[in-house]
Amino acid sequence: MAKGYKDMLAEADAVVQSVGTADMAPLAGDGQYTLVDIRDVRELERDGTIPESMHAPRGMLEFWIDPESPYHKPAFAEDKTFVFFCASGWRSLLAAKVAQEMGLKSMSMLGGFSEWKKAGLPVAERERREVKG
C-alpha cells in the first residue's frame, strides 16, 4: 500500500487547524462558524447531533461544496469557517482537509461528537426516517 490512513491523517493534521470541544462550544452559535456533521445518517438518528449543526454526509461533501456541481449547497458558499465533526475526529480531519483544498475556511473538531457528548454539551435528537416498501 502506497499510503495508509495513518499517513493521510498525519498529512491532514499538518495543514488543518483543529479545535477542542470546550473551545468550540461557546463559538457554535456566533454566526462566524458553521458546525458540519459528516457522520452517516444512521449515526445521527442513533446518537443525535449538535444543535444547529449542518448535516453533510461525507460521501457528498465535495459535490455539496463545489458551486459547479449540480448538488451544490448554498450554505457552503457563505463566508464562514466550517468546523467539521464526526464521531471521533478522524473522518472530520480528512473532510476539513478536502474542504480547505477546495477553498473553504475549515477546521476539525478534536474528539468529535463523542467528546462533545462526554463533556455534557447540548445534543439535539434527530428524527428517524421511516423506510417504506
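Ala, Val, Leu, Ile, Met, Phe, Trp, Tyr, Cys and Pro count as nonpolar, Asp, Glu, Lys and Arg as charged, and the others, Gly among them, as polar. With those classes in place, the lining of the largest pocket divides into nine nonpolar, four polar and two charged residues.

Before I continue, a word on the source. The model is predicted, so local features need pLDDT of at least 70 and side-chain atom pairs count only at pLDDT 80 or more, while totals for chains, interfaces and linings use all residues. Residues are numbered from 1 along each chain as its sequence is written, and side-chain values use heavy atoms, with hydrogens and water left out.

Let me turn to the sheet. Strands (E, at least two residues) and helices (H or I, at least four) are DSSP runs, numbered from the N terminus. Two strands pair if DSSP finds at least two bridges between them. Here five strands form an open sheet in the order β1-β5-β4-β2-β3, with parallel pairing. The edge strands are β1 (17-19) and β3, each of which pairs on one side only.

At one edge, β1 joins strand β5 (residues 105-109) through three parallel bridges, and V19 has M109 of β5 as its bridge partner. Helix α5 (residues 90-101) lies across β1, β4 and β5 and runs at about 175° to β5; such angles run from 0 to 180 degrees between N-to-C directions, with axes fitted to C-alpha atoms, for helices over the stretch in contact, and contact means heavy atoms within 4.5 Å.

Next, strand β2. With strand β4 (residues 81-85), β2 shares five parallel bridges, and Y33 stands opposite T81. With β3, β2 shares two parallel bridges, and D37 stands opposite H55. Is β2 mostly covered or uncovered? Four of its five residues are buried, and the strand is mostly covered. Buried means under 20% relative accessible area, exposed over 50%, and partly exposed in between (1.4 Å probe, protein chains only).

Strand β2 (residues 33-37) also gives the most to the lining of the largest pocket, with three residues. A pocket is an open set of points on a 1 Å grid over the protein atoms alone, where a 1.4 Å probe fits, with protein on both sides within 12 Å along at least five of seven lines; lining residues have an atom within 4 Å of a point. Of its 15 lining residues, A28, G29, L35, P51 and E52 lie nearest the centre.

Finally, G59 lies in the loop between β3 (54-55) and α4 (61-65), and G59 is exposed, with a relative accessible area of 57%.
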